[in-house]
Structure formats: structure tokens, C-alpha cells
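Visitor: I am new to this structure and would like a close look at a single part of it. Could you pick one spot, stay with it for a while, and then show me how the surroundings fit together?

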Amino acid sequence: MRLSLKHIFPRAFFHNPAYFRAVGLATVYVALVVSQLFTFEKFVEITEAYQIVGGEVTAVLLAGVIPLLEVMALPFLLSMDIPARLRMVSRLAVVASPSLWLLIALWLNVAGKGTVVTGLMGATIPVINGWWFVVFAGLFLWAAVLVLRELPKRTHS
């Protein structure tokens, strides 16, 4: 198996396990964004149920920003060879996405919206709100921060 992995990943990946942890986190981002985009036409309905100030405009904005942040985080997590500015934007997206999920989780639980679908997996897999959602979002943010701290700076090859 190691021989087949050597052809997929750059040589630097095998010298630091932080790269594989970043790929693991990228897998979580991909699972979230794919499940959200699979039934994207229903995602606005889910974000409207949050009843955040701004009504439908905020719901549409959230429905677009959440998957966008998750996709934007992938180049940094996969250590793609990209320009420095784009890498910095991707790095910020790594933290912005779970931060947004944590804010949504806190809002839903503090506002007492116990039967609302969280939208974590879009409408593909309806996930009902609960305090576990706050814990998941907190752990998601913690994992993102840990990966950001330990992932070495990628130099252009």
C-alpha cells in the first residue's frame, strides 16, 4: 500500500504525519460539502429555519457561504501548490467554516430550536439539533486549529 501512496502524494507527506491529519480533516470537509450540495435546492429552506436576523436574505447568504467556505478550505488542507495569497484565503477558510458551524450550533441551542434540522449534512441526511451539535462544532473547530498549527509551510516546487 505504501508504494501506491508514494505515487499519489508528494515526498514531503511521508516525512511529517501532519499532512495525513490534514487529509483526514479534508475528508470531513468533502463529506460535508458533498452531502450539502447533493440536495442544495433544499439547503435554503434549512437555513431559513434558523430564523436568524435578516430573514430570507441571510438564509440565502448562509446557504451559499457555508459550502463555499468548505470548498475553499480544501487547497490548504491538501497542501496544493497554489499562490501565497490564495493559500492564505484557504487557510482562513479552514477556521471560518467550523467557526460558522459553531455559531449556528450555539444560536440554535440558545434560541431553543430543538427540532430544527441543522443542515450539517444538508437535506441529504437530516440531522436534528441538540447539544451534541455544539460539541461536534467545537471539536471540528479544535481539529481545524490543531491542523493549522502543525501543518508545515508548503513551498512551491
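Guide: Let's settle on Tyr 50. Setting aside the residues up to four places away in sequence, Tyr 50 is in contact with Leu 62, Trp 101, Ile 104, Trp 107, Leu 108, Lys 113, Val 116, Val 117, Thr 118 and Gly 119. Please keep in mind that you are looking at a predicted model.

Tyr 50 also belongs to something bigger: the largest nonpolar core, which has 40 residues. Tyr 50 is among the residues with the most contacts inside this core, together with Tyr 29, Leu 77, Val 94, Trp 101 and Ile 104. Five helices each supply at least two residues of the core: α2 (18–38), α3 (43–48), α4 (55–77), α5 (84–110) and α6 (131–150). In soluble globular proteins, nonpolar side chains tend to be buried together.

Next door in sequence is Gln 51, which sits in the loop between α3 and α4. Its phi is near 55°, a positive value in a residue that is not glycine. Is Gln 51 buried or exposed? With 53% relative accessibility, Gln 51 counts as exposed.

Now step back along the chain to Ile 46, in helix α3. Ile 46 counts as buried because its relative accessibility is 10%, and the cut-off for buried is under 20%. Leaving out residues up to four places away in sequence, Ile 46 touches Val 117, Thr 118, Gly 119, Gly 122 and Ala 123. You have met some of these names already: Val 117, Thr 118 and Gly 119 are also in contact with Tyr 50. Ile 46 and Ala 63 are 17 residues apart along the chain, and their C-alpha atoms are separated by 8.4 Å.

Following the chain onward brings us to α4. This helix has 23 residues, which should span 33 Å at 1.5 Å a residue, and its end C-alpha atoms are indeed 33 Å apart. Just after α4 comes Ser 79, with a positive phi of about 55°. Ser 79 is not a glycine either, and it lies in the loop between α4 and α5. Ser 79 has a relative accessible area of 2%, so it is buried, whereas Gln 51 is exposed.

From that loop the chain enters α5, the helix that holds Trp 101 and Ile 104. Look at how α5 packs against α6. Two packed helices are described by the angle between their axes and the distance between the axes. The axes of α5 and α6 come within 8 Å and cross at roughly 165°. This angle makes α5 roughly antiparallel to α6, and their crossing is left-handed. On the α5 side, the residues that meet α6 include Arg 91, Val 94, Val 95, Pro 98, Trp 101, Leu 102, Ile 104 and Leu 108. Their counterparts in α6 include Trp 131, Phe 133, Val 134, Phe 140, Leu 141 and Leu 148.

α6 has another partner, α2. These two helices pack at an angle of about 145°, with their axes 10 Å apart, and this crossing is left-handed too. Ala 18, Arg 21, Ala 22, Leu 25, Val 28, Tyr 29 and Leu 32 in α2 meet Phe 140, Ala 143, Ala 144, Val 147 and Glu 150 in α6. Leu 146 is also in α6; it is partly exposed, with a relative accessible area of 35%. Leu 146 and Arg 21 are 125 residues apart in sequence, yet their C-alpha atoms are 9.5 Å apart in space.

Stay with α2 a moment longer. It has 21 residues and reaches 30 Å from its first C-alpha to its last, close to the 30 Å expected at 1.5 Å a residue. Among its buried residues are Tyr 19, Val 23, Leu 25, Tyr 29, Leu 32 and Val 33. The elements covering the buried residues of α2 include α3, α4, α5 and α6.

Finally, here is the whole picture around our starting point. The protein has six helices and zero strands, in the pattern α-α-α-α-α-α along the sequence. Of its 157 residues, 41% count as buried. Among contacts between residues at least 6 apart in sequence, 67% join residues at least 24 apart. Tyr 50 offers you an example in its contact with Trp 101.

Conventions. Residues numbered from 1 in each chain as written. Predicted model: local features only at pLDDT ≥ 70, side-chain atom pairs only at ≥ 80, totals over all residues. Heavy atoms only, no water. Core = buried A, V, L, I, M, F, W, Y, C linked by side-chain atoms within 4.5 Å. Buried < 20%, exposed > 50% of the residue type's maximum accessible area, 1.4 Å probe, protein only. Helix = DSSP H or I, 4+ residues; strand = E, 2+ residues; numbered from the N terminus. Contact = heavy atoms within 4.5 Å. Expected span 1.5 Å × (residues − 1). Axes fitted to C-alpha atoms, helices over the stretch in contact; angles between N-to-C directions. Parallel < 35°, antiparallel > 145°, perpendicular 65-115°, else oblique. Left-handed = near helix turned anticlockwise from the far one by under 90°.
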